[in-house]
Amino acid sequence: GQFIKISSVYKALLTVNNARFQIARENDSSNFQEVRVKDVISIDLTETFGAGNEPSKEEMDALLTRYPNSWFGGTVNLAENKKLVIFLLNQLRKKVNNQQAEWITPTLLGGASSDPNDPVRYRKNQFGTIEFKGKITITTSEAVLSLPTGYRTGTTQSKRYPLITTSANFAYALIQSGTLYLSPLGTIDLSNLRFITEG
């Protein structure tokens with residue numbers, strides 16, 4: 001019942017005039033669910049930044065935060081402003097914090113447990129993005145962990161992020177005021193959980 005943000009970088013294998021994106025829930029054709037999509041944006045990174053200089057997904061997410069709600073409507077010809085856009089990308093890449101931070105092992109709450117072979121950890125990467133890894137098992141709907149200042153989303157509003165369980169079912173993370181909640185109950189892989197920080 002809520003919208004979540006999904007971003008990705010796609011490399012075309014052939015020269016085509018269109019691309020198709022699919023959102024799938026498992027490989028079960030009898031288990032379809034309605035999905036609504038809004039605020040779609042598509043950018044040709046090679047045309048905009050030049051071959052070999054294309055930004056990563058994390059870099060592009062950070063660049064789009066310069067736009068309201070990380071999105072713009074209609075058509076914006078970024079190629080015409082290539083010098084400005086590349087300058088912003090280079091500034092992003094030259095941030096003082098170029099050293100990759102160490103992984104942090106959080107204190108888990110609400111009876112949640114970390115997989116000993118793939119423990120839950122998080123860090124802030126060189127682009128200012130918080131990234132997680134590891135698997136976590138939850139048995140209640142209570143808060144899982146609390147993130148410190150500097151590792152929180154850039155808004156006080158609740159945000160949902162798509163994840164998957166270890167049995168390949170959909171799951172999601174809800175971050176509210178620096179507190180992380182997960183659903184549904186079970187074991188969830190956090191390796192795809194990433195978001196831009198407040199600062």
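User: What makes S6 and strand S9 (residues 186-189) a pair, and in which sense do they run?

Analyst: In this predicted model, S6 and S9 share two bridges in the antiparallel sense. Pairing requires at least two bridges, so S6 and S9 count as paired. Within S9, Ile-188 is the residue opposite Thr-165.

User: How do you know that S6 also pairs with strand S7 (residues 170-176)?

Analyst: S6 and S7 are joined by six bridges and run antiparallel. The requirement is at least two bridges, so this pair qualifies as well. Tyr-161 faces Ala-173 of S7. The two strands form a hairpin with four residues between them, and in that turn Ala-168 has a positive phi of about 70°.

User: Which strands stand at the edges of the open sheet, and why?

Analyst: The open sheet has seven strands in the order S1-S4-S9-S6-S7-S8-S5, paired antiparallel. Strand S1 (113-114) and strand S5 (145-146) each have a single partner strand, so one side of each lacks a neighbour in the sheet, and these are the edge strands. The partner of S1 is strand S4 (residues 135-138), to which two antiparallel bridges connect S1. In S4, Ile-136 lies opposite Ser-114.

User: Why is the pair of Tyr-122 and Phe-132 called tilted rather than stacked or edge-to-face?

Analyst: The structure holds four aromatic pairs. In the pair of Tyr-122 and Phe-132, the ring centres are 5.4 Å apart and the planes meet at 35°. Ring centres must lie within 6.5 Å, and planes count as stacked under 30 degrees and as edge-to-face over 60; the value of 35° belongs to neither class, so the pair is tilted. It links distant parts of the chain, with Tyr-122 in strand S2 (residues 121-124) and Phe-132 in strand S3 (residues 129-133), 10 residues apart. Both Tyr-122 and Phe-132 are buried.

User: What makes Tyr-161 and Phe-195 an aromatic pair, and how are the planes arranged?

Analyst: Tyr-161 and Phe-195 are 5.8 Å apart centre to centre, with 40° between the planes. The distance is within 6.5 Å and the angle is neither under 30 degrees nor over 60, so this is a tilted pair. The pair joins distant parts of the chain, since Tyr-161 is in strand S6 (residues 159-165) and Phe-195 is in strand S10 (residues 194-196), 34 residues apart. Tyr-161 and Phe-195 are both buried. Ring pairs link these two residues with Tyr-122, Phe-132 and Tyr-151 into a cluster.

User: How do you know that the charged end of Lys-124 lies at the ring of Tyr-151?

Analyst: The charged end of Lys-124 is 5.2 Å from the ring centre of Tyr-151 and sits over that ring. The distance criterion is within 6 Å, so 5.2 Å meets it.

User: Why is Glu-59 described as buried or exposed, and what polar contact does its side chain have?

Analyst: The relative accessible area of Glu-59 is 5%. Buried means under 20%, so Glu-59 is buried. A polar atom of the Glu-59 side chain is 2.9 Å from the backbone nitrogen of Ser-56. The cut-off for a polar contact is within 3.5 Å, so the distance of 2.9 Å satisfies it.

User: What makes H2 mostly covered?

Analyst: Of the eight residues in H2, seven are buried; among them are Glu-58, Met-60 and Asp-61. Ala-62, which lies in helix H2 (residues 57-64), has a relative accessible area of 4% and is buried. The C-alpha atoms of Ala-62 and Phe-127 are 7.3 Å apart, although the two residues are 65 residues apart in sequence.

User: Why is Ser-177 called buried, exposed or partly exposed?

Analyst: Ser-177 has a relative accessibility of 48%. Buried requires under 20% and exposed over 50%, so Ser-177 is partly exposed. Ser-177 lies in the loop between S7 and S8 and has a positive phi of about 55° without being a glycine.

User: How do you know which form the peptide bond between Ser-183 and Pro-184 takes?

Analyst: Omega is about 0°, and the bond is cis. Pro-184 belongs to the loop between strand S8 (179-183) and S9.

How values were computed
Residues are numbered from 1 along each chain as its sequence is written. This is a predicted model: local features need pLDDT of at least 70, side-chain atom pairs count only at pLDDT 80 or more; totals for chains, interfaces and linings use all residues. Side-chain values use heavy atoms; hydrogens and water are left out. Rings of Phe, Tyr and Trp (its six-membered ring) pair if their centres lie within 6.5 Å; planes under 30 degrees apart count as stacked, over 60 as edge-to-face and the rest as tilted. Buried means under 20% relative accessible area, exposed over 50%, partly exposed in between (1.4 Å probe, protein chains only). A charge sits over a ring if NZ of Lys or CZ of Arg is within 6 Å of the ring centre and within 35 degrees of the ring normal. A polar contact is a pair of N or O atoms within 3.5 Å; within protein, one must be able to donate a hydrogen and the other to accept it, and residues adjacent in sequence count only if both atoms are side-chain atoms.
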